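Grab a pencil and work through these exercises with the structure open beside you. Try each task before you peek at the solution.

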Amino acid sequence: MTIKKHVKTGLSALALSISLNALAAEDPIKVGILHSLSGTMAISESTLKDTLLMLIEKQNAEGGVLGRQLEPVVVDPASNWPLFAEKARELLAKEEVDVIFGNWTSVSRKSVLPVVEELNGLLFYPVQYEGEESSENVFYTGAAPNQQAIPAVDYLMNEIGVERWVLAGTDYVYPRTTNKILETYLKSHGVAEEDIMINYTPFGHSNWQSIVADIKAFGSEGKKTAVVSTINGDANVPFYRELGNQGIDASDIPVVAFSVGEQELSGIDTAPLVGHLAAWNYFMSVEGDANYEFIDAWVDYTGNEEAVTNDPMEAHFIGFNMWVDAVEKAGTADVDAVKDAIIGVTVPNLTGGYATMMPNHHITKPVLIGEIQDNGQFEVVWETPSTVAGDAWSDFLPGSMDLISDWRKPLACGNYNVVTHSCGGAEEPAE
Amino acid sequence: MSILRLLTGLLLLLSLSLPAGVYAQSSDSEASALLQALADSSYAQKQQVISDIVSSGDERARTWLEAYADGKLAQTKDTGAFVFVLSNRGRDWTVADALSGDTIGEMSRRNIDRIRINNALRKELEGMLSVIDLTVDDADTRLAAARALKGEVDAALAERIGTLLDTEADDDVHDALTEALAIYQVAQGEVAAVAVLSGSLNPQARVALNNAAQSDNPELAAAAAKALESIQTKLKINSAAETLYFGLSLGSVLVLAAIGLAITFGVMGVINMAHGELIMLGAYTTWGMQQLFPGQPGLALILSIPAGFLVAALAGIAIERTVIQHLKGRPLETLLATFGVSLILQQLVRTVISPLNRSVVTPEWMSGSLMINEALSLTLNRLYVIGFALVVFAGLMLIMRKTRLGLEVRAVTQNRAMARSMGIKATRVDILTFGLGSGVAGLAGVALSQITNVGPNLGQSYIIDSFMVVVFGGVGNLWGTLVAGLSLGTINQILEPWAGAVLAKIVVLVFIILFIQKRPRGLFPQKGRAAEG
């Protein structure tokens, strides 16, 4: 033991001196951060930028990666989808970053995708999304529908006994695709057409009166009803406020949300919402040393005693650590080498388990269902017994159920059709 | 399960009705053991533990269960003591001893293990507490408890309600209990009880009748079908009234947002794209006032009304002096310049305050709803906003019609040169008018802070709607703005249930485009000389 320790110290001293020499010779590794700092999405994305800066700072304090320091390059795509593509090009072509962490909305990811593929970059995407995508250059550290939506519906169906479903969402690609998957899933479990109500509202919708009244009427027919909400962003605040004001109690009609986290709840008084649910892969309230350490670091970094952590932050934490591991494993920050090295990399997550990068560029995650508390936190009421691997192609959509994604050689295909035994190329067949 | 719950509830009732002093206060060690069992058991077993706690007869049982239902009952990890969580903000929580009730002080939240509860258990507990509440002295508590029991009654409770009905003095409580009992009886197939539910607007009563209407007993089915019919008509009236209310409340928001614009754009003819940001400033003022008066959201909100007006008015005057006055008579440049100002203001708020939304607390007296009947309740915050919009409108009308300022404003806008030669200081009038319009936008912001998000983008979502309302109503006409706002709101809410929120907005927009084609000057076009300017 002691000998081993001595050898270790000696080795690390050696490594340190080498790396110090190397430091003088080598440039820092550039890390691009592509998150909106202005515009509508700034509310969610600016904290992710800070999370990464914190992680980079910590990594640099520990000696960087491969002895090289990390240099963050922050750009502001200003919640403007085409600008995301321009900024991504700027990062890859002009700044020549080795990796990009960024994006929140699916539409911004779709805008960046061709650029990252053309210039062979690396993108870590930290937000839960609708699936139906697997790019060679993108790593999806947020949840796919089978890591969030499907388990949440299972929970409502089996544990709560819900028979009538309201699928309410904001009108864009993520809610529409998720609801399509859920509708097929519910019907395959014997839910009748008239027991499903689907409703879409525009971004930033604030007048929820009649929709909430509709939900109330839909839920008063004697069958247990639940709302599955893919309502995005700050439209949630007036939605929940209206629920509270119209007296809809979580014990009557629970709302399970996929886009409401600690951050969103920090903007409202949550006393009337106690008991409503959210499905995520991480909650700030999860007990464990890894999480406590992360929260303390975040509170210190922001200097705000009330600062909250949330699921996409954990996704960046995992993604960043995976990338660091992969670079160290590959011995270089070169994109192609890291892309190969990262598959199979396992790092601890913040909920006391481990996340592994799968060959389809998605990761394994536990699924947690939490009830909203009056202090804006969630209390876990249910969780999957083990982690769930992200499925790029949903098993509940026609055209997508036969597809698999595996970026390991020799297959190296993002949408391989197991029926026709052919690789469909980079474009998506299921639309 | 539910009978068990009832029995335990009854036991508790029994224990509460014993004269004081007879309570068998269990020793602290027994109490700890009970709470420990509650903490350790699974959700399925917790029910049994709760009934054990109730039947222990401990006088603290009710406080424990209430705290548990609120998620406030916890155990410390280091000593294993049971505590009530008094404040759960931040990383250190204030706690009190659950056995003695003494405040302990602050404790790291990581040392506190809350005893878990879920929706199903919470409902069970609430049901039990309702049964207890049926015998308290306060009639309002009894009424709330009786209402909560509708649809939850079972055999044991039905008997209990039967005896309670004999002694119940309050009419409302008596009616609610009768109905709760009748819902149970109809479900049991008693035809006589159907008559009680006839005309009831309670959804549980409707469910019971719906089930009864499909029963095998023809007499019961016929009676239930007849009762349902009478309910349907009533429901239709109520739902129409509800839609109207929704429309008026959306309309009043539109009126509030647009009425300031009706002054600056309608009367002065300045296209101010930063109008939305002036609304936002009003909302942020409310937030700021609430930070100044922590714990008194109501007082802060009332003080925000003058403060919001002042802040927005000063900001408006600053914009007028620095930008707009130099662009007089050049609408396109004004539009672009003020659009720039709006972006600057947004980013300023983002940088100085935070890109995140701010939490504005709704005072107690503004949350919840006013229950007209069981199918129609009016949300209080919206009700206040409707009232506020009308007051602001009346105030503006008064200023424009009855004061010297109003007279001067009208004179300057109708014929600037003539007014100036009559000795009116046109520049001063410009400043005051723009300040007034901007200040009213600030008032709108104060009201909006109660129904929507207070964030940097608040203004953006209202600027288009505001212009729409002013143009539709007829530029320069305050009455037009009122009528246009209320009618657009109502049309939108009538369309929304069957067209969906997105389509309803589009339909309203198309309607306005067509309308403006036919009548370019809006609903109430200005007549006479003012129209030529």
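**Exercise 1.** Find out what residues 431–451 of chain B look like: how much of the span is helix, and how far apart are its end C-alpha atoms?

*Solution.* Keep in mind that you're looking at a predicted model. Step one: check the secondary structure, and you get 86% helix and 0% strand for residues 431–451 of chain B. Step two: go from one end to the other, where the C-alpha atoms are 31 Å apart. Step three: try residues 498–516 of chain B, a span with 95% helix and 0% strand whose end C-alpha atoms lie 25 Å apart. Step four: look at the record. The unreviewed UniProt entry annotates both spans as "transmembrane region", along with 244–271, 299–319, 383–400 and 463–486 of chain B.

**Exercise 2.** Work out which domains chain B is divided into, and how far apart their C-alpha centres lie.

*Solution.* First, mark domain 1, made of 2–17 + 26–121. Next, mark domain 2, which covers 238–532. Finally, go from centre to centre: the C-alpha centres of these two domains of chain B are 50 Å apart.

**Exercise 3.** Describe the side of chain A that touches chain B: which element gives the most residues?

*Solution.* Start with the totals: 44 residues of chain A contact 47 residues of chain B. Then look for elements of chain A that supply at least two residues each; among them are α2 (42–61), β7 (196–201) and α7 (209–218). The top contributor is α7(A), with five residues. Last, sort this side of chain A by residue type: 13 nonpolar, 22 polar and nine charged.

**Exercise 4.** Explain why β17 and β19 of chain A each have a side without a neighbour in the sheet.

*Solution.* Begin with the strand order, β17-β18-β19 in chain A, an open sheet with antiparallel pairing. Now look at the edges: β17 (403–406) and β19 (422–423) of chain A each have a single partner strand, so one side of each stays without a neighbour. To see one pairing up close, follow the three bridges from β17(A) to β18(A), residues 413–417. There, Leu403(A) sits opposite Asn417(A).

**Exercise 5.** Determine how α3(A) and α4(A) pack: at what angle, and with their axes how far apart?

*Solution.* Take α3 (81–94) and α4 (106–118) of chain A: the angle is about 35 degrees and the axes are 8 Å apart. The crossing is right-handed. Now list who meets whom: residues of α3(A) including Trp81(A), Phe84(A) and Leu92(A) meet residues of α4(A) including Val107(A), Val112(A) and Val116(A). Sorting the residues of this contact gives 10 nonpolar, two polar and one charged.

Terms used
Residues are numbered from 1 along each chain as its sequence is written. Chains are lettered from A and ligands numbered from 1 in the order in which they are written. This is a predicted model: local features need pLDDT of at least 70, side-chain atom pairs count only at pLDDT 80 or more; totals for chains, interfaces and linings use all residues. Two residues are in contact if their C-beta atoms, placed from the backbone, lie within 7 Å. Helices (H or I, at least four residues) and strands (E, at least two) are DSSP runs, numbered from the N terminus. Ala, Val, Leu, Ile, Met, Phe, Trp, Tyr, Cys and Pro count as nonpolar, Asp, Glu, Lys and Arg as charged, and the others, Gly among them, as polar. Domain bounds come from an automatic or database domain assignment. Two strands pair if DSSP finds at least two bridges between them. UniProt positions are given in the numbering used here, feature names are shortened, and annotations may be inferred rather than shown by experiment. Axes are lines fitted to C-alpha atoms, for helices over the stretch in contact, and angles run from 0 to 180 degrees between N-to-C directions. A crossing is left-handed if the near helix is turned anticlockwise from the far one by less than a right angle, and right-handed if clockwise.
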